[in-house]
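Student: Let's talk through this one together. I'll ask where the labels come from, and you set each value against its definition.

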Amino acid sequence: MRVKNHWFRNERPKAVADIAGAVAFIVWRGAQQVLRNMRRADFDIETGPKYFDFLSEWLIFLVQCADRTAFERLGEARIEFTTVLANRVGEIFADNRNDLLGDASAAEIKDRFIDLLNLRLSDYADFERIDYGCLRYLAGQLAHVVGPRDTVWVHDQVMEIEAPQALEWVERGIGGLLDESPRRGSRSERVSGE
């Protein structure tokens with residue numbers, strides 16, 4: 001998955017809320033990509049509520065990964081970053097679920113997502129870093145969502161393939177968005193016509 005992690009216009013410093021909004025989009029795209037990868041790998045993730053249950057677990061995992069990266073890079077601004085990030089991811093998730101399933105209002109869906117996020121974040125806080133135990137916890141949550149034939153295989157797929165790749169997307173995205181060095185010009189700007 002290609003991660004757009006540079007600002008189009010770089011003339012002013014970006015507010016923490018702007019960065020969090022951009023990371024929310026990266027997190028959303030990353031979770032969708034993982035879902036596509038796992039369905040392509042023949043995991044039984046039904047369209048409907050299970051689809052969104054699966055997606056919500058990945059979104060929560062990636063939000064907590066972004067929060068950990070923000071803790072290292074943003075210091076005290078991390079609280080604002082994570083609050084804006086969680087709310088924006090919740091809005092995107094709620095809008096999509098409401099559009100496709102219509103089983104509740106977007107506000108109700110977002111509230112349920114934020115409640116689950118808070119519950120899971122307290123569980124993820126027990127892990128000092130994103131390691132084997134943390135990835136095993138994620139896989140365990142996903143095992144409840146996938147079909148019965150996939151519960152054994154979900155751990156391998158998540159821990160060995162999907163989670164490391166998704167972590168890379170989030171870290172690269174945040175790193176690029178926080179990078180204040182000037183961007184190289186486009187290829188046409190770098191190549192002279194002589």
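Tutor: Sure, and keep in mind that this is a predicted model. Let's begin with α2, which has 26 residues and reaches 35 Å from its first C-alpha to its last.

Student: How do you know that 35 Å is close to what's expected for α2?

Tutor: The expected span is 1.5 Å times one less than the number of residues. For α2 that comes to 38 Å, and the 35 Å reach is close to it. Just after α2, Gly75 has a positive phi of about 60°.

Student: What makes up the lining of the largest pocket?

Tutor: α2 (49–74), α3 (78–100), α4 (106–124) and α6 (154–178) each supply at least two residues, and α2 gives the most, with seven. The pocket's volume is about 350 Å³. Of its 18 lining residues, Gln64, Cys65, Asp67, Arg68 and Thr69 are the closest to the centre.

Student: Why does a residue count as lining?

Tutor: Because it has an atom within 4 Å of a pocket point. The lining residues divide into eight nonpolar, three polar and seven charged.

Student: What makes α4 and α5 a contact?

Tutor: Contact means heavy atoms within 4.5 Å. Arg120, Asp123 and Tyr124 in α4 meet Cys134, Tyr137, Leu138 and Gln141 in α5. Those residues divide into four nonpolar, one polar and two charged; Tyr and Cys count as nonpolar.

Student: How do the axes of α4 and α5 cross?

Tutor: They come within 11 Å and cross at roughly 145°, and the crossing is right-handed.

Methods. Residues are numbered from 1 along each chain as its sequence is written. This is a predicted model: local features need pLDDT of at least 70, side-chain atom pairs count only at pLDDT 80 or more; totals for chains, interfaces and linings use all residues. Side-chain values use heavy atoms; hydrogens and water are left out. On a 1 Å grid over the protein atoms alone, a cavity is a set of points where a 1.4 Å probe fits but cannot get out, and a pocket is an open set with protein on both sides within 12 Å along at least five of seven lines; lining residues have an atom within 4 Å of a point. Grid points are joined across faces, edges and corners, and a volume is the space filled by probe spheres set on the points. Helices (H or I, at least four residues) and strands (E, at least two) are DSSP runs, numbered from the N terminus. Axes are lines fitted to C-alpha atoms, for helices over the stretch in contact, and angles run from 0 to 180 degrees between N-to-C directions. A crossing is left-handed if the near helix is turned anticlockwise from the far one by less than a right angle, and right-handed if clockwise.
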